[in-house]
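Here are a few exercises to work through with the model open. Try each one yourself before reading the solution.

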Amino acid sequence: MSSVAGSSEDTFPKLLLRNAKKFADRPAMREKDLGIWQTWTWADVLDEVRCLSIGLSGLGIKKGDKVAIVGDNRPRLYWTMCALQALGAIPLPVYQDSVAKEMGFVLKHAGVSAAVVENQEQVDKMLEIGESFKGIKTIIYDDSRGLSKYKVKGLHSFESVQDTGRDALKKSGAEADWLAGIEKGSGSDTAIFLYTSGTTGEPKGVVMTMESMIWVAQAANGFDNLTEKETVVAYLPMAWVGDHVFSYAQSYEAGYCVCCPESPETVVADRREMGTTYLFAPPRVYENIITQTMVSMEDASDLKKKMFHYFLDVAKETGEKILDGESVSLKDQLLYKLGEFMVYGPLKNRYGFSNVRVGYTAGEAIGPEIFKFYRSLGINLKQLYGQTEAGVYITNQPDAEIYADTVGKPLDGIEVKIADSGEVMFRSPGVFKEYYKNAKATKETKTKDGWVHSGDAGLFDDRGHLKIIDRAKDVGKLNDGTMFPPKYIENKLKFFPNIKEVVAFGDKRDFVTCFINIDLVAVGSWAERNNVSYASYQELAANPDVYKMIEENVDAVNLELAGEELVAGAQIKRFLILHKELDPDDGEITRTAKVRRSTINERYDVLIKALFDEEISNQHIKTEMTFEDGRKGIVEGDVEIRSMKLHTPSSHVQGHMREAAE
Amino acid sequence: MDILHSIFAAPFIDMYSAPDFLLQVLWEGFVSGTLYALLALGFVLIFKASGVFNFAQGIMVVFAALTLVGLHSLGMPAYVALALTIGVMGLLALGVERFIMRKLVNQPDIILFMATIGLTYFLIGLGEFVFGGEPQKMIASELGLPSGSIDFTVGRGVVILEYADIAAAVVAALLVFSLGFFFSKTRIGRALRAVADDHQAALSVGISLNQIWAIVWFASGIVALATGIMWGAKSDVSFALQIIALKALPVLVLGGFTSIPGAIVGGLIIGFGEKIFEIYWGGLMGGGVESWFAYVIALIFLLFRPQGLFGEKIIDRI
Amino acid sequence: MSNEIMPGDVLLELDDVSLSFGGVKAIRNVGFDIKKGEVRAIIGPNGAGKTSMLNVINGFCHPQEGTITYKGVKRHDMKPYVAATQGIARTFQNVALFRGMSTLDNIMAGRTLKMHKNFFWQLFYYGPARAEEMEHREKVEQVIDFLEIAHLRRTPVGQLPYGLQKRVELARALAMEPELLLLDEPMAGMNLEEKEDMSRFILEVNGEFGTTIALIEHDMGVVMDLSDRVVVLNYGAKLADGTPAEVSSNQDVIDAYLGVAH
């Protein structure tokens with residue numbers, strides 16, 4: 001692996017200058033606007049970035065300034081990153097669907113002086129934040145809709161800033177000055193602030209340097225042989241490290257094309273039209289697609305259904321073997337080919353997976369069935385393990401070494417070790433510099449010699465692959481000493497399509513219990529098929545038949561747990577289906593759908609008490625909730641609690657368990 | 001056992017042993033199928049846009065053919081006569097829109113249906129008055145329709161494909177494609193589908209029902225003319241043709257009253273079906289199967305799939 | 001055609017209009033006006049004659065008495081076709097979409113009146129007709145973008161949930177680039193979130209394009225938020241007319257809505 005520090009392109013603006021020469025006519029960015037794909041080549045992008053950058057500098061933005069970037073994935077917002085970096089300013093992408101209060105915290109903490117935002121909605125949030133935080137002097141917006149009547153000082157349209165830049169460029173020397181500024185930049189400059197959503201406490205600002213980001217991009221592109229010929233669709237939040245590395249750092253490093261969807265709802269169609277070759281998605285995206293497919297197959301004709309399931313079985317048998325290059329009998333090969341023509345091909349095409357060379361799932365554990373489903377269709381889906389602090393990548397699954405229960409091997413140049421406490425630790429040139437204005441947290445996380453505490457408990461198996469068990473601090477113990485890994489149990493439940501979210505309790509308790517959120521799409525479709533009418537999530541969740549289905553799922557998980565020596569005593573004894581969906585607006589889960597335990601403990605105290613009081617089978621609860629428009633309301637109702645019959649722990653059960661789970 | 005043999009075995013043995021004959025039968029079935037499809041197409045167009053079952057479609061075929069032949073017999077060159085006939089069909093469409101559709105709009109469907117019966121008798125009367133009741137010869141060769149045939153050997157026999165039949169199939173296909181394209185791609189086509197879906201909404205966006213009605217009647221007039229020419233080239237042009245036109249009814253039941261592809265597939269099924277059945281099974285029932293076969297098929301469809309093969313199953317969300 | 005109507009001028013005036021079906025009087029001697037650029041609400045209990053009022057304005061019903069003055073031209077009644085050519089677009093209480101067609105085709109149908117290439121070119125979909133189609137497609141795409149329904153372009157409208165059908169219907173009306181937009185209960189049957197979206201769209205249409213809007217709505221909260229002036233009908237007669245504040249404090253209106261015995 002070449003070292004970034006020694007190369008001449010050690011910052012993103014320098015990479016852009018290189019790309020504008022090397023890949024001048026190759027597409028760098030596409031966006032669907034008014035139904036038509038617009039394309040910008042690398043030369044075009046340089047042009048856009050240059051005007052913008054000089055325009056921004058005209059507005060007083062200078063080296064060291066922090067500038068918030070808020071919005072859906074839009075080309076202009078990506079250009080803003082590079083334009084800022086060219087001035088030595090630091091971009092700070094923020095989750096665009098957070099409410100003003102959450103956003104305000106981050107902006108204040110980082111001390112931003114300006115914001116580049118997508119539309120009126122975000123401008124409104126900035127103005128609201130501006131009432132209490134006077135630091136924001138400049139707001140620049142991309143889409144002017146609804147903003148024509150705003151009379152606010154410091155509010156500029158993206159076009160006007162670029163126009164100023166374009167005018168300034170006419171002066172002799174302006175461009176040379178700008179280029180000189182870029183030349184002065186070095187790999188040790190700060191590239192970006194990425195705030196982690198943080199499952200506990202307030203978000204932390206992860207500071208990444210240019211050289212660490214570029215190092216990570218090189219490592220990842222090298223690992224999967226990515227070149228300028230790839231096409232990706234940028235649709236995950238720009239504030240997430242995954243999107244930043246994938247749609248920005250790796251694209252600049254390899255020179256590949258990033259496509260911005262028309263709207264969040266059209267991602268699938270856009271992916272199909274663009275023919276994505278490299279794909280990155282959290283498990284829920286893959287889960288949703290399977291749920292949708294299965295739901296639509298329920299309505300198909302019998303013949304179609306039979307054919308679908310027959311070929312899926314064929315794929316299950318042979319698909320992965322073919323993908324991994326193992327030998328398969330001629331008959332199976334032919335059958336698989338036929339299946340490709342009849343089922344897999346159309347299915348992949350429908351969801352825009354036809355051209356995918358490599359796809360990753362990350363962020364959360366993916367169900368082994370789901371993972372295998374995609375691989376059996378011939379999609380090279382792989383798992384990786386990563387963190388913001390590592391610039392995403394820690395371990396990836398190499399081609400043909402794919403095991404559903406591991407997250408792969410460390411990338412070249414990344415060292416990974418397991419601490420005595422069982423915690424996974426890593427070190428590489430790509431790790432973060434520090435948490436911004438939080439020396440204490442930095443010290444706790446990053447040792448003097450550069451090792452980073454991941455906070456996850458894990459182990460290496462005999463193939464040298466890393467296995468993640470749970471968050472290190474989350475692994476608890478029941479009162480009888482049995483190990484209680486909540487995530488592990490929750491994930492087993494979440495792999496059932498009817499279950500969307502689970503929160504398990506058991507640390508320092510006598511037994512294990514859990515909250516369950518049903519999946520409104522899957523259970524709603526079941527309800528439609530069975531003529532069950534319901535007016536709300538709450539009503540469906542309380543339906544006795546739904547309880548019965550979920551009870552069966554819980555029982556299947558218990559049976560599985562009973563067969564595993566370490567956790568046989570951690571079977572779920574009592575559960576309930578929550579009367580409302582866990583919602584980031586209520587602070588119950590993060591924007592990346594991770595459960596916030598402390599908030600849950602606080603809000604649902606009554607329910608948790610009831611779960612552990614075996615006398616109670618029905619509990620009344622009143623909860624405040626936030627509607628999508630930010631208004632608050634109250635939901636209340638009775639929640640039923642079910643007790644389960646536990647299975648005798650036995651390793652012999654293993655064989656039956658498989659059957660029961662299928 | 002003999003009966004079973006002659007139903008389930010003998011016909012297939014016949015088919016297998018004389019493939020040339022089978023091919024000939026299939027070809028004939030195909031040719032009459034295209035003509036049925038064209039007939040049905042005329043019905044579908046009008047039904048789609050106005051919900052009117054146009055009883056007069058059959059007589060429009062005869063009327064168009066007679067006009068063409070009549071104008072030619074006045075000494076006009078064939079192509080001039082053809083152009084003029086198209087003009088006459090246009091006038092007819094305008095007349096129907098002006099004096100029937102516009103007057104009877106918002107009346108129950110049955111009234112409009114009765115009106116088309118009235119139109120039928122009017123056209124018969126007018127046709128007989130102007131052109132006389134005698135069967136006429138279609139001016140096929142004058143219009144440049146080829147005569148003669150391609151003969152080729154299959155097995156030990158010969159299959160004969162008449163040029164006129166080939167031309168009929170080609171013209172029918174062209175007509176269907178251009179109509180399909182017109183309706184799916186152009187403003188008027190879109191307006192027509194809009195009218196078919198919801199009259200009020202169509203009015204509210206400024207679509208003129210009168211204009212659309214005139215256009216569909218004109219379009220089915222053109223289809224009628226094409227049908228008349230093709231059919232006339234095979235037999236003669238006479239008022240007896242309109243009885244055959246009733247064959248369109250089972251085709252519509254089969255294909256669905258509102259579907260253009262339905263009309264085509266339905267026409268072909270009836271065409272193939274009745275020929276094959278007549279030849280191979282007809283003997284068992286004393287022949288003449290061709291005259292009722294289509295209606296029996298239609299009856300079966302009405303029992304099991306009343307919306308037809310391609311009929312719209314409107315899914316309502318409540 | 002009269003002089004151009006400036007914002008604030010009367011765009012449409014109904015004078016002493018009465019409409020009856022057989023013996024039933026749906027509207028009795030009602031008169032009110034709609035000013036250019038305003039959002040005008042028509043409210044009233046069920047059976048008050050609100051939808052009939054819209055039908056009179058866009059020409060589905062012809063009043064037996066009274067006159068309609070639109071853009072300064074006085075007439076006894078409107079014809080739907082004329083209303084459409086003169087810039088009046090509408091939506092319907094129970095959603096009247098072209099169910100067999102896609103969202104895109106439905107909205108394109110709204111452009112019918114703006115397309116002029118003659119039948120001959122249409123027949124061949126060639127040259128001018130094709131270019132025209134493209135040009136209108138761009139306008140339609142702007143409407144699609146505006147109402148945020150890009151993901152529904154190819155979906156047959158019959159498959160859409162009710163709230164989105166209403167949105168497509170609005171899109172079709174907007175594609176006509178209307179001067180006067182009639183909305184018949186645009187938020188009926190919608191959930192809170194859909195209502196919020198629809199309110200936002202209505203305000204934006206009014207604000208960004210200056211389109212005059214007349215709407216019928218039951219949700220009083222929505223009416224108060226959206227409209228500049230409100231006319232209240234009861235049993236086909238006009239009960240009150242004024243700003244939302246005036247109307248909501250009017251004793252007759254309160255009585256009619258609360259059902260106080262007369």
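**Exercise 1. Work out what share of chain B is buried, and whether its overall size fits a globular protein or not.**

Solution. Keep in mind that this is a predicted model.

- Start with burial: a residue goes in the buried bin if 20 or more other C-beta atoms lie within 10 Å of its own. By that count, 46% of the 318 residues of chain B are buried.
- Next, take the secondary structure: chain B has 13 helices and 2 strands.
- Now the size check. The globule rule gives 20 Å for 318 residues, and the radius of gyration of chain B comes out close to that, at 21 Å, so chain B is as compact as a globular protein of that length.
- For the extents, the C-alpha trace of chain B spans about 65 × 60 × 35 Å along its principal axes.
- Finish with the contacts in chain B that have a separation of 6 or more: 75% of them join residues 24 or more positions apart.

**Exercise 2. Describe the side of chain B that touches chain C: which helices supply it, and what classes of residue does it hold?**

Solution.

- Count both sides to begin with. Chain B puts in 24 residues and chain C puts in 32.
- Then look for helices of chain B that give at least two residues each: these are α6 (163-185), α7 (187-197) and α8 (199-204).
- The largest share of this side belongs to α7(B), with 7 residues.
- Sort the side of chain B by class and you get 11 nonpolar, 5 polar and 8 charged residues.

**Exercise 3. Do the count for chain A and chain C: how many residues does each bring to their contact?**

Solution.

- Chain A brings 11 residues, and chain C brings 11 residues too.
- On the side of chain A, the classes split into 3 nonpolar, 4 polar and 4 charged residues.

**Exercise 4. Take chain C apart into its domains and say what domain 1 offers to domain 2.**

Solution.

- Begin with the bounds. The domain assignment puts 1-87 + 178-262 in domain 1 of chain C, and 94-177 in domain 2.
- Taken over C-alpha atoms, the centres of these two domains of chain C are 26 Å apart.
- Where they touch, domain 1 of chain C gives 10 residues and domain 2 of chain C gives 10.
- On the domain 1 side, α2 (80-85) and α7 (192-209) of chain C each supply at least two residues. The top contributor there is α7(C), with 3 residues.
- Last, the classes: this side of domain 1 of chain C has 7 nonpolar, 2 polar and 1 charged residues.

Definitions and conventions:
Residues numbered from 1 in each chain as written. Chains lettered and ligands numbered in written order. Predicted model: local features only at pLDDT ≥ 70, side-chain atom pairs only at ≥ 80, totals over all residues. Contact = placed C-beta atoms within 7 Å. Helix = DSSP H or I, 4+ residues; strand = E, 2+ residues; numbered from the N terminus. Nonpolar A, V, L, I, M, F, W, Y, C, P; charged D, E, K, R; others polar. Rg over C-alpha atoms; globule rule 2.2 N^0.38 Å. Buried ≥ 20, exposed ≤ 12 C-beta atoms within 10 Å, placed from the backbone. Domains from an automatic or database assignment.
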